[in-house]
Amino acid sequence: MKLLGEVLLEKGMITSQEMALALQEQRRTGELLGKVLLRLGILTQKDLSQAVAFSSDLPFVDLKQVHIDMAAVNQIPKETAKEFELIPFAMEDDTLHVAMNNPTDIVAVDTLRRKTGKKIEVFASDLQGILEAVEIYYAVETSLEEEIDKNITAALAGSTAEGEASPPIIRLMELFLIKAVRDGATDVHITPEETTSRLSYRVDGVLRSGIILPKQIHIPLVTRVKIMSGLNIAEQRLPQEGNTSFEFSGRSIDIRTSTSPKYQGENVVMRILDKTNIILGLKHLGLGENNRAAIKKLTMKPHGIILAAGPTGSGKTTTLYSMLREINALEKNILTIEDPIEYHLPLIKQTQVNEQAGLTFLNAIKHFLRQDPDVILVGEIRDTETARISFQAAMTGHLVLSTIHTNDTASTIARLLDLEVESYLIPTSLRAVIAQRLVRKICSGCMEEYSPSNEEIELYGLENWDGIGKTLKRGKGCPECNHTGYRGRIGIFEIMHMTPDISRLVTQKVSADVIKMEAVKEGMATMRENGLNLVAQGLTTLEELFRVTE
């Protein structure tokens, strides 16, 4: 049996600097190492549970990555599941598979044997995941879908005063959000149509059509969302934006709401900000060895600016957070200004934009420069003033990390010039641009091998690809992935360093195409090339790669 600290370092779950800080704090307080790591925010409960499982040679199950069988759940009463912090998730013949927060609890295992009359196979899991699963799968007497149908019928049968929401409508909205969290959705869409209302979820970057609702339910549902989000229920002619939170399994999930008038009625989009879904660390991003080493080397720069480029939802902030984890926060003063703070990082001073109070990206950076910073993270460069002061900070001895909305590395240069950053500042301050996209991963539960046809190779223009002739993988579709063949996402990247030749081209203000050709000539692997490596490794498909890259 390995020590917990050894497992954490071996698996790359914490850095040596974070371990040193935790051990220092442990000597001061006498607490167990795991409790210290949780209190300092260095580890999540899920990380700790997984590490404990590894150190004890126990199987660990991530409840978000498995299909939970309702027949297994129904073997154990909710009270027992909550008392012993466990949930059954599968059955095989006379064996019940159970995820437990404390898999060494003999009393709990004996209780389950007596109640079910079955053999019990124990798996370790994190407490948050267990409580979440208990909340979801015991929330209804039948399946989630049947409970939704029951409340739709009740909503149609009832009547509600204007400006109020009936209990069935309130429960429907709650069930829709539970389903969103269960499926790992990032957005919920409520879209009015001519004779119906459509509920859709964005999962793994793709919009999935969900439930078709009767038209009569649309207005009461929109009213409920507006009440939750603090919006004006009487205003239906203008777009509105608001915020709310959803209490779920003992934690609060932030939701940003946007309404927009359409011909058929008001359209609603709810962005779900579930911080527990963020997995940090360069090794989790999908970087190849060369790119991972290159990014790690960039975090060691004493000054300059590094930009993560890509559209909304492409994982830029996660990349920057993962880079911050590589920097020794015990020896460096790291400040961030974000909108919003997506994840709380240990030892790092994080600030959230508050435009109503006058705290903008620009004002925050100005103030940060008087706070003796070593590293500054700017959530987004979106205007000329923020761009200029970020580059000035990089010029005056600070390492600046930020994001920018551009399509690839080379077009970032053109965007900086559009933002009126002086052309001489870019070569002297910009260290690198990291462009990225997220592609869906093949579902491990229904993965199969296949050989691409000549038509497929020709369709994607891959006649010269060195992967021709290899066996590739794809997903057949199963309940675990909602029959899509994909589950989860991974990043594809291209990293352009500011070499002398590229710097010369920037000062000459040549086109983005010329800059990209030079970067490729100097050895830059494009996002497409990185993606093809993932295809060859069996992590994603050609179809998915060409869906997200040009």
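A disulfide is a pair of cysteine sulfur atoms within 2.5 Å. The exercises below apply to a predicted model.

**Exercise 1**

Find how many disulfides the structure holds, and work out why Cys443 and Cys478 do not form a bond.

Solution.

Step 1. Take the sulfur of Cys443 and look for the closest cysteine sulfur, which belongs to Cys478.

Step 2. Read the distance between these two sulfurs: 3.7 Å.

Step 3. Compare it with the cut-off, which asks for sulfur atoms within 2.5 Å. The sulfurs of Cys443 and Cys478 are therefore too far apart for a bond.

Step 4. Turn to Cys478: its nearest cysteine sulfur is that of Cys443, and Cys478 is in no disulfide.

Step 5. The count for the structure is zero disulfides.

**Exercise 2**

Decide whether Cys443 and Cys478 are buried or exposed.

Solution.

Step 1. The cut-off for buried is under 20% relative accessible area.

Step 2. Cys443 has a relative accessible area of 1%, so Cys443 is buried.

Step 3. Cys478 has a relative accessible area of 12%, so Cys478 is buried.

**Exercise 3**

Describe the two faces of helix 20 and state what covers its buried residues.

Solution.

Step 1. Helix 20 spans residues 512–521, and its buried residues are Ile515, Glu518 and Ala519.

Step 2. These residues lie on the same side of helix 20 because they cover an arc of only 100° around the axis.

Step 3. On the face turned away from the buried side are the exposed residues Asp513, Met517 and Lys521.

Step 4. The cover over the buried residues includes helix 16 (409–418), strand 18 (486–497) and helix 19 (500–507).

Step 5. Just after helix 20 comes Gly523, with a positive phi of about 110°.

Methods
Residues are numbered from 1 along each chain as its sequence is written. This is a predicted model: local features need pLDDT of at least 70, side-chain atom pairs count only at pLDDT 80 or more; totals for chains, interfaces and linings use all residues. Side-chain values use heavy atoms; hydrogens and water are left out. Buried means under 20% relative accessible area, exposed over 50%, partly exposed in between (1.4 Å probe, protein chains only). Helices (H or I, at least four residues) and strands (E, at least two) are DSSP runs, numbered from the N terminus. The arc is that of the directions from the helix axis to the C-beta atoms. Contact means heavy atoms within 4.5 Å.
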